[in-house]
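The exercises below are to be worked with the sequence and the model at hand. Each task is followed by a solution in steps.

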Amino acid sequence: MGSLQDQLLKAGLTTEHKMKVAKTEKRKQQKKKKKKGATSDQTDLQKHIEQTKLAQQQKAEAQNKAKQDDLKEREQVARVKQILEHHNQAEIKGDRTFNFTYENKVKELDVNEQTQQALSKGRLAICVLEGQFYVLEDEPAKKIAEVDEKYIVFHVEDNNDKQDGDDPYAGYEVPDDLTW
């Protein structure tokens, strides 16, 4: 038994010319389906390429931001180091010990009497960079605090303007022998 077309031809319901036309139409439709499949694959490929480009761009932006942050951090450290080295007080050594806390530990600094009083009144500040302590005047310490306050270890703020009105001991000075 042959195909349906052969049966229809034997029965006289169709002609050979109509069979050939039907075959060519069928081939054309199959080619169109293949092309449509190829174009859909093409769009999938384009979408994949776009997604890959977007992911690469985001990764590049993240790396660029990390490099910029690192560069900014290095610039800050260089600026702070320059201020510290330029404004460090050299004549602070003395026979008195000044105690302050750094990273939850009590640290000591041997200073003279003038430096101790200046530190306790806020005219001088203690800063740290790379494990080394520096004693600076108030203005350079404020410049360093503008960059980043993590470099300031000890700095007494002037609280004369903010005295409590209800403090019964406001009129009394703290004796000098109570420094620790």
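**Exercise 1. An aromatic pair between two strands**

Does Phe 154 count as buried, partly exposed or exposed, and what is its relative accessibility? Then classify the pair that Phe 154 forms with Phe 98.

Solution. The model is a predicted one. Step one: buried means under 20% relative accessible area and exposed means over 50%. Phe 154 has a relative accessibility of 21%, so it counts as partly exposed. Step two: Phe 98, at 7%, falls under the limit and counts as buried. Step three: planes over 60 degrees apart count as edge-to-face. The ring centres of Phe 98 and Phe 154 are 5.1 Å apart with 70° between the planes, and the pair is edge-to-face. Step four: Phe 98 belongs to strand E1 (residues 96-102) and Phe 154 to strand E5 (residues 152-155), so the pair links parts that are 56 residues apart in sequence.

**Exercise 2. A second pair and a cluster**

Describe the pair of Phe 100 and Phe 133, and name the aromatic cluster that contains these residues.

Solution. Step one: the centres of the two rings, Phe 100 and Phe 133, are 5.3 Å apart and the planes stand at 80°, so this pair is edge-to-face. Step two: Phe 100 lies in strand E1 and Phe 133 in strand E4 (residues 132-137), so parts 33 residues apart in sequence are tied together. Step three: Phe 100 is buried at 1% relative accessible area, whereas Phe 133, at 25%, is partly exposed. Step four: Phe 100 and Phe 133 form one aromatic cluster with Tyr 102. The count of aromatic pairs comes to three.

**Exercise 3. The nonpolar cores**

Which residues of the largest nonpolar core touch the most other members, and which elements give two or more residues to this core?

Solution. Step one: the core has 13 residues, of which Val 80, Leu 84, Cys 127 and Ile 144 touch the most other members. Step two: helix H2 (16-87), strand E3 (124-129), strand E4 and helix H4 (138-147) each give two or more residues. Step three: take Leu 84 and leave out residues up to four places away in sequence; its contacts are Cys 127, Leu 129, Tyr 134, Leu 136 and Ile 144. Step four: another core, of 12 residues, lies apart from the largest one and includes Ile 92, Val 111, Ala 118 and Val 135.

**Exercise 4. The two faces of helix H3**

Which residues of helix H3 (residues 113-121) are buried, and what covers them?

Solution. Step one: the buried residues of H3 are Thr 115, Gln 116, Ala 118 and Leu 119. Step two: these four span an arc of only 165° around the axis, which means that they lie on the same side of H3. Step three: their cover includes E1, strand E2 (105-111), E3, E4 and E5. Step four: the face turned away from the buried side carries Gln 114 and Lys 121, which are exposed. Step five: Gly 122 follows H3 and has a positive phi, near 90°.

**Exercise 5. The whole chain**

State how many helices and strands the protein has, and in which pattern they follow each other.

Solution. Step one: there are four helices and five strands. Step two: along the sequence the pattern is α-α-β-β-α-β-β-α-β. Step three: of the 180 residues, 20% count as buried. Step four: among contacts between residues at least 6 apart in sequence, 46% join residues at least 24 apart. Step five: the accessible surface comes to about 15000 Å², with 48% belonging to carbon and sulfur atoms.

Methods. Residues are numbered from 1 along each chain as its sequence is written. This is a predicted model: local features need pLDDT of at least 70, side-chain atom pairs count only at pLDDT 80 or more; totals for chains, interfaces and linings use all residues. Side-chain values use heavy atoms; hydrogens and water are left out. Rings of Phe, Tyr and Trp (its six-membered ring) pair if their centres lie within 6.5 Å; planes under 30 degrees apart count as stacked, over 60 as edge-to-face and the rest as tilted. Buried means under 20% relative accessible area, exposed over 50%, partly exposed in between (1.4 Å probe, protein chains only). A nonpolar core is a set of buried Ala, Val, Leu, Ile, Met, Phe, Trp, Tyr and Cys residues joined through side-chain atoms within 4.5 Å. Contact means heavy atoms within 4.5 Å. Accessible areas come from the Shrake-Rupley method with a 1.4 Å probe; for residues, only the protein chains shown count as cover. The arc is that of the directions from the helix axis to the C-beta atoms.
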